[in-house]
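Reader: Hello! I am new to this structure and would love a close look at just one part of it. Could you walk me through it step by step?

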Amino acid sequence: MRRIARFQKVSYEQFKEGFMGEFQQTSEEELRQIYEDIRLPKRATAGSAGYDFYAPEEIVLEPGETIKIPTGIRVWMEPGWVLKCYPRSGLGFKYRLQLNNTVGIIDSDYYDSDNEGHIFARLTNDSREGKTVRVAKGQGFMQGIFVEYGITEDDDATGVRNGGFGSTTEPSRP
């Protein structure tokens, strides 16, 4: 296997900005502990393709509810690779837990964005059986898989990323 990437924590300041936007009731002391407890994504077994992302805090989602999770994680990877993120298989199977964008795409140049490449996940409990999703702090909720990709022979992309969702979208050309 080629080693093409490295997970890291974002800075405390970047994590605080992302976390407080979603969990405003958190004290500074609690937030520092949450940040210290962040675990870098890991594979569960030698044969696993996916790197598990762990919940920084308990997640409870009633049917139909959505939450945005700041993971506190960023990833450096070699050009020509992408990290694709999916819900953990068991959570999707048992609860229909879904990422709102169906598959999260983390490009290699996201690492250098203004937000330090902070990876977020927006999750929805799409249970049709009325099941509440509970993910304990530190439990895996999402998995990321590194995939190599190609480009077209006439590719001429020269843009530079500076942000996350939708930051590279250009207006349609005639």
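Let us take strand β6 (residues 81-87): is it mostly covered or mostly exposed, and how many of its residues are buried?

Author: Happy to help, and please keep in mind that this is a predicted model. Strand β6 is mostly covered, with 5 of its 7 residues buried.

Its place in the sheet is a good thing to look at next. The sheet is open and has 4 strands, in the order β2-β11-β6-β8, with antiparallel pairing. β2 (51-54) and β8 (104-107) are the edge strands, each with a single partner, so one side of each has no neighbour in the sheet. On average, neighbouring strands here are turned by 30° against each other, direction ignored.

Now follow the partners of β6. On one side, β6 runs antiparallel to β11, and 7 bridges join the two; here Lys84 stands opposite Ile145 in β11. β6 also runs antiparallel to β8, joined to it by 4 bridges, and in this pairing Cys85 stands opposite Gly104 of β8.

Strand β11 (residues 140-148) has a further partner in β2, which it meets in the antiparallel sense over 4 bridges. There, Tyr54 stands opposite Gly140 in β11.

From here you can step into the core. The largest nonpolar core has 37 residues, and Phe53, Leu83, Ile119 and Phe141 have the most contacts inside it. Try centring your view on Phe141: leaving aside its neighbours within four places in sequence, its contacts include Phe53, Tyr54, Pro87, Arg88 and Leu91. Among its other contacts are Ile59, Ile69, Ala121 and Val135.

Technical notes
Residues numbered from 1 in each chain as written. Predicted model: local features only at pLDDT ≥ 70, side-chain atom pairs only at ≥ 80, totals over all residues. Heavy atoms only, no water. Core = buried A, V, L, I, M, F, W, Y, C linked by side-chain atoms within 4.5 Å. Buried < 20%, exposed > 50% of the residue type's maximum accessible area, 1.4 Å probe, protein only. Contact = heavy atoms within 4.5 Å. Pairing = 2+ DSSP bridges. Axes fitted to C-alpha atoms, helices over the stretch in contact; angles between N-to-C directions.
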